[in-house]
Amino acid sequence: MTFDVAALRRDEFPWAERGESIYLNNASTGPLPERTVRALAEWGRLRANPDRISHDLQFDTLTRSRALIAGLIGADSSEIALATNTSFGINLAAFSLPLRQGDVVLSPQLEFPANVYPWMQLAARRGVEYRQVQCDDGVLDRERLARELEDERVRVVTVSWVQFASGARVDLTALGTLCRERGVYFVVDAIQGLGPLTLDLKTTPVDILACGAQKWLLSPWGAAFVYVRRALIEQLEPHDVSWLAVQDSDDFSRLLDYDLKWRNDARRFEFITLPFQDMAGMNASLELFASLGKDAVSRHTLGLAAEIIEWARSRDDVELVTPDDRARRAAIISVKPSDPMAASQRLTAAGVAHSLREGAIRLSPHFYNTSAEVRRALDVIAR
Ligand SMILES: Cc1ncc(COP(=O)(O)O)c(C=O)c1O
């Protein structure tokens with residue numbers, strides 16, 4: 001199945017269709033589809049007089065968010081806690097997993113700081129050792145992990161699905177399977193992968209997965225989630241405690257019972273009050289993914305990324321920073337032309353949104369982009 005990109009651009013991304021900019025910077029911040037802009041405006045209008053927002057509308061919106069996310073990643077709604085950023089989920093992992101002095105948390109080098117500082121702080125507070133391992137291409141592969149896990153003190157492996165600068169992707173199934181076999185917790189920062197890549201957590205062994213929706217899920221800032229594997233939920237106690245994390249707290253007539261009995265689903269980790277309007281916006285964006293089909297979205301996006309790879313391969317004046325192997329990349333493609341700074345300036349002057357990361361041009365196309373846009377960006381880099 002495929003979708004009509006021209007119609008999608010006309011209906012949901014009219015600024016792109018008008019050529020206002022060529023936006024190849026989804027790895028920084030994703031644009032909001034028109035339906036999401038409308039949802040936010042509607043919630044702003046309702047919120048002008050909160051009397052228009054019923055209790056059910058508020059809380060059903062969150063229920064819908066959990067269901068849409070669960071559908072996207074092959075989880076159950078009860079395994080989803082809504083959050084406001086990726087960091088929330090990483091902190092949840094760092095401070096809720098049962099780790100003691102002497103235990104080791106392992107991570108590849110070159111992680112985005114959101115998946116580093118919480119573990120450094122855990123090390124400082126609890127005497128856990130946080131160990132970064134150097135890997136070829138920056139990618140932690142199965143063989144390397146198997147060797148690292150010979151140290152039985154390793155209790156957690158935490159990794160970005162896709163590395164933010166190089167776009168290198170790890171094999172979640174291979175790493176997760178190894179961790180599960182050894183009884184090691186497997187924590188994933190999915191923000192740079194989910195959307196361009198699809199995920200089925202029924203067959204991919206992950207314990208905790210943190211993901212912001214502000215990039216590849218084209219959602220408002222303030223919309224994010226964390227997945228906690230069903231069997232783990234009731235073993236973990238929230239580190240930060242919300243008044244809606246306990247059973248019976250849905251009954252607002254009994255708020256003064258003060259009964260600290262955790263909910264038995266992932267809502268025990270949620271930190272209410274959440275930004276309802278941003279979750280409503282995320283719902284609109286996720287409905288767009290669902291209506292186009294997540295596989296079709298992935299195919300189109302990875303196809304554009306492959307065009308950049310082909311182009312870089314064909315040139316001897318451009319170094320490809322992203323791994324060439326399609327199994328080891330997603331939709332972040334980083335290239336080093338001979339003068340990256342000058343190329344970046346030319347791209348900006350030509351209205352091509354991109355990033356300069358670690359001395360390379362980072363291009364990150366998505367499903368609303370076209371081949372013509374990618375080609376135009378590459379022509380500007382080559383000039
Ligand atoms: C790999 C990775 N993790 C996390 C984040 C952001 O974390 P948060 O959603 O907590 O701001 C980014 C980018 O900003 C990222 O590239």
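These legends accompany close-up views of one predicted model.

Residue numbers start at 1 in each chain and follow its sequence as written. Because the model is predicted, local features need pLDDT of at least 70 and side-chain atom pairs count only at pLDDT 80 or more, while totals for chains, interfaces and linings use all residues.

**View 1. Domain 1 meets domain 2.**
Domain 1 covers 5–31 + 293–382, and domain 2 covers 43–290. These bounds come from an automatic or database domain assignment. The C-alpha centres of the two domains lie 28 Å apart. Domain 1 brings 27 residues to the contact, and domain 2 brings 23 residues. Contact here means that the C-beta atoms of two residues, placed from the backbone, lie within 7 Å. On the side of domain 1 that touches domain 2, α11 (294–313) and β10 are the elements giving two or more residues. The biggest share comes from α11, with six residues. Helices (H or I, at least four residues) and strands (E, at least two) are DSSP runs, numbered from the N terminus. By class, this side of domain 1 holds 10 nonpolar, nine polar and eight charged residues. Ala, Val, Leu, Ile, Met, Phe, Trp, Tyr, Cys and Pro count as nonpolar; Asp, Glu, Lys and Arg count as charged; the others, Gly among them, count as polar.

**View 2. An open sheet of four strands.**
The strand order is β9-β10-β13-β12, with antiparallel pairing. Strands pair if DSSP finds at least two bridges between them. At the edges sit β9 (318–320) and β12 (355–357), each paired on one side only. Neighbouring strands are turned by 35 degrees against each other on average, direction ignored. Axes are lines fitted to C-alpha atoms, for helices over the stretch in contact; angles run from 0 to 180 degrees between N-to-C directions.

**View 3. The β9–β10 pair and the helix on the sheet.**
Three bridges link β9 with β10 (residues 333–337), and the two strands run antiparallel. E319 has K336 of β10 as its bridge partner. Helix α12 (residues 340–349) packs on the sheet and touches β10, β12 and β13 (360–363). The direction of α12 makes about 40 degrees with that of β13.

**View 4. The shell around the ligand.**
The surrounding residues are N85, T86, S87, F112, A114, S160, F164, D189, I191, Q192, G212 and A224. A residue counts as near the ligand if its C-beta atom, placed from the backbone, lies within 6 Å of it. The shell divides into five nonpolar, six polar and one charged.

**View 5. Strand β3, enclosed by the rest of the structure.**
Five of the five residues of β3 are buried, so the strand is largely enclosed. A residue is buried if 20 or more other C-beta atoms lie within 10 Å of its own, exposed if 12 or fewer, and partly exposed in between, with C-beta atoms placed from the backbone. V104, L106 and P108 point one way, whereas V105 and S107 point the other way. In a regular strand, side chains alternate between the two faces of the sheet. Five bridges pair β3 with β4 (residues 129–133) in the parallel sense. P108 stands opposite V133 in β4.

**View 6. Backbone angles at L110, L218 and the I272 to T273 bond.**
L110 is not a glycine, yet has a positive phi of about 70 degrees. L110 lies in the loop between β3 (104–108) and α6 (117–126). L110 counts as partly exposed because 19 C-beta neighbours fall inside 10 Å. L218, also not a glycine, has a positive phi of about 50 degrees. The loop between β7 (208–212) and β8 (224–228) holds L218. L218 counts as buried because 27 C-beta neighbours fall inside 10 Å. The peptide bond from I272 to T273 is cis, with omega near 5 degrees. T273 sits in the loop between α9 (230–233) and α10 (276–292).

**View 7. V228 and its contacts.**
V228 lies in strand β8. V228 is buried, with 28 other C-beta atoms within 10 Å. Not counting residues up to four places away in sequence, V228 touches E79, A81, I208, I233, L236, A266 and F269. V228 and L92 are 136 residues apart in sequence, but their C-alpha atoms are 9.7 Å apart in space.
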